[in-house]
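Me: I am new to this structure and would like to learn how to read it. Could you take me through a ligand site, step by step?

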Amino acid sequence: MIASFKIAVRFLKSSRGQTVMIAIGIAIGIAVQIFIGSLIQGLQKSLIDSTIGNAAHITIQQEDNDQLMADYESVIDAVRAADERITYISPVLQQAALIIDGDQTESILIRGFDYKRANPIYAFDSRFVEGRLPAGANEAAIGKELQAELSLSVGDPVDITITGGTKLTYTVSGVFDLKVQSLNKSWFLTTLESAQDQLDKSGLISTIEMQVDDDSVFQVDELAVQLAELPDFSEKKLIQWKEQNEQLLSGLNGQSISSLMIQVFVIVSVVLAIASILAISVLQKSKQIGILKAMGIRNRQASLIFLFQGLILGILGGFLGVALGLGLAYAFTVFARNPDGTPVVALLIEPGFFALSFLIAVVASSLASLIPARRSSRLDPIEVIRNG
Amino acid sequence: MDKIIQLDKVSKIYGTSVKTQVLFDIDLSFDAQSFNAIIGQSGSGKSTLMNIMGTLDRPTSGDVTINGTRTDGMKTNELAALRNQTIGFIFQFHYLLPEFTALENVLMPAVIKYNKPSAETVRRAHELMELVGLEKVKNNLSSKMSGGQQQRTAIARALIMNPQIILADEPTGNLDSDTTQTVYGMMRQINDLYRTTFIIITHDRKIAEMTDRIVEIKDGRINLDVTRSTT
Ligand SMILES: Nc1ncnc2c1ncn2[C@@H]1O[C@H](COP(=O)(O)OP(=O)(O)OP(=O)(O)O)[C@@H](O)[C@H]1O
Ligand SMILES: [Mg+2]
């Protein structure tokens, strides 16, 4: 085995130009595969992030949509105790309302939050364009779209009408931008207490919203099923983000598959290229193999020479490819930037994926060397000795 | 004396559709430690015979016995091991590995067997290089040496495993007459020193006449077999 390795290394060294060419070929293939993979993964991650990064992953409400929840604190405790993957839990009382301003009518959604609990989910703190979160009983924060429609500013009074015709008056405490137009237009933020008071829903909430940790966002369906099994959850309904975003998910899925296909074809063409070059090299070296066999090298040793060449080329090409892929990814994030300086696409640089690509390079080139290895094993020395 | 190589009714037929019989029922044996020549016209079947004796080729019919062991039932790998330890080849054309230096070529049979040659084998390799007069160029790539130097390297390589038999196919074929004499003298010296059996194919009558036994092949048959009487 060591003899085969030594001979393999010497063969590679003595045709240095060819060795470098093959290694670069493998490297380019692997770099492209890494780049595409990281690009698509990064793209998907940022899409997922912007979709659910600051939104509820699972919400709990009464089965009957009109019903409100009174026992919410005990439900929250039960959920918190049930699973560690749930990181933030926040109760909300919400109700639809209208703002009538002359002949202009805006429909809004009053959302009463307990900000201490809601902030980790929605990051409200950092979303204010002007002013601050509502604090007192008659304060409300509005989105920047609604503010524009109604030309309101911080400190202005705003009248709303709830179902049944009741009119309420709030003072604008701040203007937020949640980066989602529909929310900026409709959400009307108050404190939970104030909402319960003003809407005459003392001790009641509409939904419990929660987030799970980053690693578990794709397990929410399984988690929701698990939570539904909890005692006292028989009249409750759980909704998770995946069922609300089926189209997004199937889009991502399709994208993943096509990216995988591209990666597979890149690798296949690399394998074919290496295999054909090594097949030629076994022809070039058939005289040497013949001599070695006349001197008593065993067939297995003779085939190992080519397997080792494949392995070494794979390791060389793999290293180069990972380096090149990283360089490409780095260049892409540095040079392809939006006007505001953020990268166009934040590539996902995952060590595990790079390690996998390296492994693929090694395995693929070892596989590619199987055919020449076989040929080398089968070569009959007499052919070489006889024909000079 | 012990027979180190024995051929019984060895025939060789080349080709499957168009058959050419090259060797006809050859019965031939060689004594251990002897120094022999095989002569014959071009195309008479000398190389074919030698390749069969060296287990590189198999006879169409008949048996080859090396050192008392019949080779017809042996597997490829067993034959490879037998060649590695028992037979040293010097081919008509030099057949060195161009990727390796002269010294590395000489050590190659030992590397094949032991992966790493022992200090003693390495010492022996240096000795052999001295014996064949190549100590100055032993670290040159074999492809960067003259024909005679390559041939002498091949001789050193054939000797590295201290084989019982050396099969040499026109080892002096493309050398000038002075070098031919040197190479011949070297082989004779090795035969004296290590008691190695030599079977040398040659066109050169003068060389043949210096050996102890001459076997002449004609059209695939033994035409003449003379042994010099040792007194
Ligand atoms: N692979 C082969 N297929 C068919 N015929 C072959 C083959 N190899 C050799 N021969 C024939 O066998 C005969 C003997 O060949 P061989 O090489 O043994 O001759 P030789 O005595 O060594 O000749 P030379 O002195 O020229 O080296 C020749 O007629 C040759 O044409
Ligand atoms: Mg010949």
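Reply: What follows is a short conversation about a ligand site and the domains of one chain. This is a predicted model, in which local features need pLDDT of at least 70 and side-chain atom pairs count only at pLDDT 80 or more, while totals for chains, interfaces and linings use all residues. Residues are numbered from 1 along each chain as its sequence is written, chains are lettered from A and ligands numbered from 1 in the order in which they are written, and side-chain values use heavy atoms, with hydrogens and water left out.

Me: How many residues surround ligand 1?

Reply: A residue is near a molecule if one of its heavy atoms lies within 4 Å of it. Here 14 residues surround ligand 1, and the closest are Ser42(B), Gly43(B), Lys46(B), Ser47(B) and Thr48(B). Because the surrounding residues come from chains A and B, the site is shared between chains.

Me: Which polar contact with ligand 1 involves the side chain of Lys46(B)?

Reply: A polar contact with a ligand is a pair of N or O atoms within 3.5 Å. In this model, an N or O atom in the side chain of Lys46(B) is 2.7 Å from an oxygen atom of ligand 1, a polar side-chain atom of Ser42(B) lies 2.6 Å from a ligand oxygen, and for Gly45(B) a backbone N or O atom lies 3.0 Å from one.

Me: How is chain A divided into domains?

Reply: By an automatic or database domain assignment, chain A has domain 1 (2-51 + 248-387) and domain 2 (64-234). Their centres, taken over C-alpha atoms, are 53 Å apart.

Note on methods. Polar contact = N/O pair within 3.5 Å; in protein donor to acceptor, adjacent residues only side chain to side chain.
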